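Dear colleague,

I am handing over the structure below, and I would be grateful if you could look through it alongside the notes that follow it.

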Amino acid sequence: VLRGRAFATFDREETPPVAIVNAWAAKHWWPGQDAIGKIVRIDTSLTQSVEATVVGVVKDYKASAQNILLSEIGPEIYRPYLQSPSAFPSFFIRTRGNTAQLVQPLRRTLARLSPDRPVTTYTVADQTNRQLSGVRLDAMQTLGFAVLGLVLALIGIYGVLSYSVGQRTREIAIRGALGASRSRIVAMVVGDALRLTAGGVVVGLGVAALGSSVIAGMLHGTNAREPVVYVLVAIGIVAMAAVASYLPARQAARTEPVTAMKAF
């Protein structure tokens, strides 16, 4: 409860109707005002309605949503059970330990107390997993395509830079013959590759940021321009570029200048 009070034992059928609203409803229905004490009309059927006094404001729990993850925050009204009974009520039971062990005893107890009512029991974890199963499948498929695309990009970068360094074998041999150390040659080749990669990363991040609006609708509760993702991908590409240029550069630097020159 953010403001006001929760339901009490004196909120009964014979007392004035009361209700609790969520923060979204309090903000949008009475902007700039205190929702406590306001009157809401609740249509209980096609021909009947109840005017209830707001006695409390609670957080936005999306309690009425069929899928908590995919639903948007909207208005919610809570009524005390004694003033708004349901033919098929839901009971939430908090326990400690293994909750799955309580399912069967609860089913037997409820069936004995209400033999003419259908009984469905499950744990909150099971219900949550059912709601998220489809989302997780979509997320794993999207992640799989993203990883595949990243791997193909890294392989392409490795191949292009390796070929580029291989084409500079003669240059590297001449520099070695003129007295350049192996470490200096390797640093030069890697530096050139990283400068080229940095330019590509900047252009790629810009294109990705512009195209992120296409997939924004597939993301729920996640920013399509998440900085951490962009930084990690950029680091991965730069690291691959460094490895792709370092290995052939080191191999070329170890080659004797005479041997390298004879190859051409």
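Buried residues, meaning those under 20% relative accessible area (exposed is over 50%, partly exposed in between, with a 1.4 Å probe and protein chains only), make up 22% of the 264 residues in the protein chain. Please bear in mind that this is a predicted model, in which local features need pLDDT of at least 70 and side-chain atom pairs count only at pLDDT 80 or more, while totals for chains, interfaces and linings use all residues. Residues are numbered from 1 along each chain as its sequence is written, and side-chain values use heavy atoms, with hydrogens and water left out.

The secondary structure comes to seven helices and five strands, taken as DSSP runs (helices H or I of at least four residues, strands E of at least two) numbered from the N terminus. From the N terminus on, these elements run β-β-α-β-β-β-α-α-α-α-α-α. The radius of gyration, taken over C-alpha atoms, is 33 Å, well over the 18 Å that the globule rule (2.2 Å times the number of residues to the power 0.38) gives for 264 residues, so the protein chain is more spread out than a compact globule. Along the principal axes, its C-alpha atoms fill a box of roughly 105 × 50 × 30 Å.

The largest nonpolar core, a set of buried Ala, Val, Leu, Ile, Met, Phe, Trp, Tyr and Cys residues joined through side-chain atoms within 4.5 Å, has eleven residues: A19, V21, A25, A26, W30, A35, V40, I42, A52, V54 and V57. At least two residues of this core come from each of strand 2 (18-22), helix 1 (23-29), strand 3 (39-43) and strand 4 (49-58), and strand 4 supplies the largest share, three residues. Leaving aside neighbours within four places in sequence, W30 is in contact (heavy atoms within 4.5 Å) with V21, A25, A35, K38, I39, V40 and V54.

Helix 6 (residues 227-254) has 28 residues and should span 40 Å at 1.5 Å a residue (times one less than its number of residues), and its end C-alpha atoms are indeed 40 Å apart. Its buried residues are Y230, A234, I237, A241, A244, S245, A249, A252 and A253, and what covers them includes helix 3 (124-167), helix 4 (169-177) and helix 5 (182-215).

Finally, T99 lies in the loop between strand 5 (77-78) and helix 2 (103-113), and T99 is partly exposed, with a relative accessible area of 35%.

With best wishes
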